[in-house]
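Please open the model in your viewer and keep the sequence panel visible. The tour below proceeds by selection, beginning with a single residue and widening from there.

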Amino acid sequence: MLQITPHHRLRLAVEPADFRRGIDGLTALCRQSLGEDPFCGSIFIFTNRSRNAVKILVFDGNGFWLCAKRFSKGRLPWWPTQNLPSLSLNPSQLHILLAQGNPMDASTPSDWRPLLPTPLDATKEENGQTAQASLCMSTAANLLPT
């Protein structure tokens, strides 16, 4: 199961892709046209010239996922036209795009809520650990059986 969360980096390829390409062809497109490493875990979104389908490519650490969606009616009313190789999206915007909407017109809430450091985190930062590392360690400690 592929789950898209706010932790993922989503890259939308601006230029249409030839949908005869499979995993190898799209990974080459990531490297050559987008200047991105397809093995980095980013999620790459492509459309074809007629914009009636979308392909999503992602490496999950064990292999590549290639997901395709062909719209039964209509086509994508919006796709970026910037002179950039790719555009960054957040997961909410991707869901809107896959529902054939315009993600730039929709108002979506922020994906992140800043976490305030606890007094325990401040003590650990003084000892050379970052707040993020201490949060990971405390989360892992809570998951261990007692």
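Begin by selecting Ala28, which is found in helix 1; helices (H or I, at least four residues) and strands (E, at least two) are DSSP runs, numbered from the N terminus. Ala28 is partly exposed, with a relative accessible area of 22%; here buried means under 20% relative accessible area, exposed over 50%, and partly exposed in between, with a 1.4 Å probe and protein chains only. Add Pro38 to the selection: its C-alpha atom and that of Ala28 are separated by 8.3 Å, the two residues being ten apart along the chain.

Before continuing, note the conventions. Residues are numbered from 1 along each chain as its sequence is written, and side-chain values use heavy atoms, with hydrogens and water left out. This is a predicted model, in which local features need pLDDT of at least 70 and side-chain atom pairs count only at pLDDT 80 or more, while totals for chains, interfaces and linings use all residues.

**Confidence**

Colour the model by pLDDT, the predictor's confidence in each residue, from 0 to 100. The mean for the protein is 83, and 76% of its residues reach 70 or more. Among the elements, strand 2 (residues 43–47) has the highest mean pLDDT, 98, and helix 4 (residues 131–143) the lowest, 47. Over residues 131–144 the pLDDT is below 50, and this stretch has seven contacts in the model beyond near neighbours in sequence; contact means heavy atoms within 4.5 Å. Where pLDDT is low, the predicted coordinates should not be read in detail.

**The whole chain**

Switch to a cartoon view. The protein has four helices and five strands, and along the sequence they follow the pattern β-α-β-β-β-β-α-α-α. Of the 146 residues, 31% are buried. Among contacts with a separation of 6 or more, 54% are accounted for by residues 24 or more positions apart.

**The sheet**

Select the strands. In what order do the five strands form the sheet? The order is 4-3-2-1-5, in an open sheet of mixed pairing; two strands pair if DSSP finds at least two bridges between them. Strand 4 (64–70) and strand 5 stand at the edges, each with a single partner strand, so one side of each lacks a neighbour in the sheet. The twist averages 25° from one strand to the next.

Now isolate strand 1 and strand 5, which run antiparallel and are joined by four bridges. One residue to label is Arg11, whose bridge partner in strand 5 is Ser88.

**Helices against the sheet**

Restore helix 1, which lies across strand 2, strand 3 (53–59) and strand 4 and runs at about 80° to strand 3. Such angles run from 0 to 180 degrees between N-to-C directions, and axes are lines fitted to C-alpha atoms, for helices over the stretch in contact. Then show helix 2, which packs on the sheet and touches strand 1, strand 2, strand 3, strand 4 and strand 5; its direction makes about 110° with that of strand 5.

Return to helix 1 and select its buried residues, Leu26, Thr27, Leu29 and Cys30. These cover an arc of only 155° around the axis, which puts them on the same side of helix 1; the arc is that of the directions from the helix axis to the C-beta atoms. Their cover includes strand 2, strand 3 and strand 4. On the face turned away from the buried side, select the exposed residues Asp24 and Gln32.

**Loops**

Centre on Val14, in the loop between strand 1 (10–13) and helix 1 (23–32). Val14 is buried, with a relative accessible area of 5%. Leaving aside neighbours within four places in sequence, its contacts include Trp79, Pro80, Leu84 and Leu87.

Next, move to Asn90, in the loop between strand 5 (86–89) and helix 2 (91–98). Is Asn90 buried or exposed? Asn90 is buried, at a relative accessible area of 19%. A polar atom of its side chain lies 3.1 Å from the backbone nitrogen of Ser92.

Finish with two backbone angles. Most residues other than glycine have a negative phi. Arg51, in the loop between strand 2 and strand 3, has a positive phi near 55°. Gln100, in the loop between helix 2 and helix 3 (119–126), has a positive phi near 65°. Gln100 is partly exposed, with a relative accessible area of 26%.

Definitions and conventions
A polar contact is a pair of N or O atoms within 3.5 Å; within protein, one must be able to donate a hydrogen and the other to accept it, and residues adjacent in sequence count only if both atoms are side-chain atoms.
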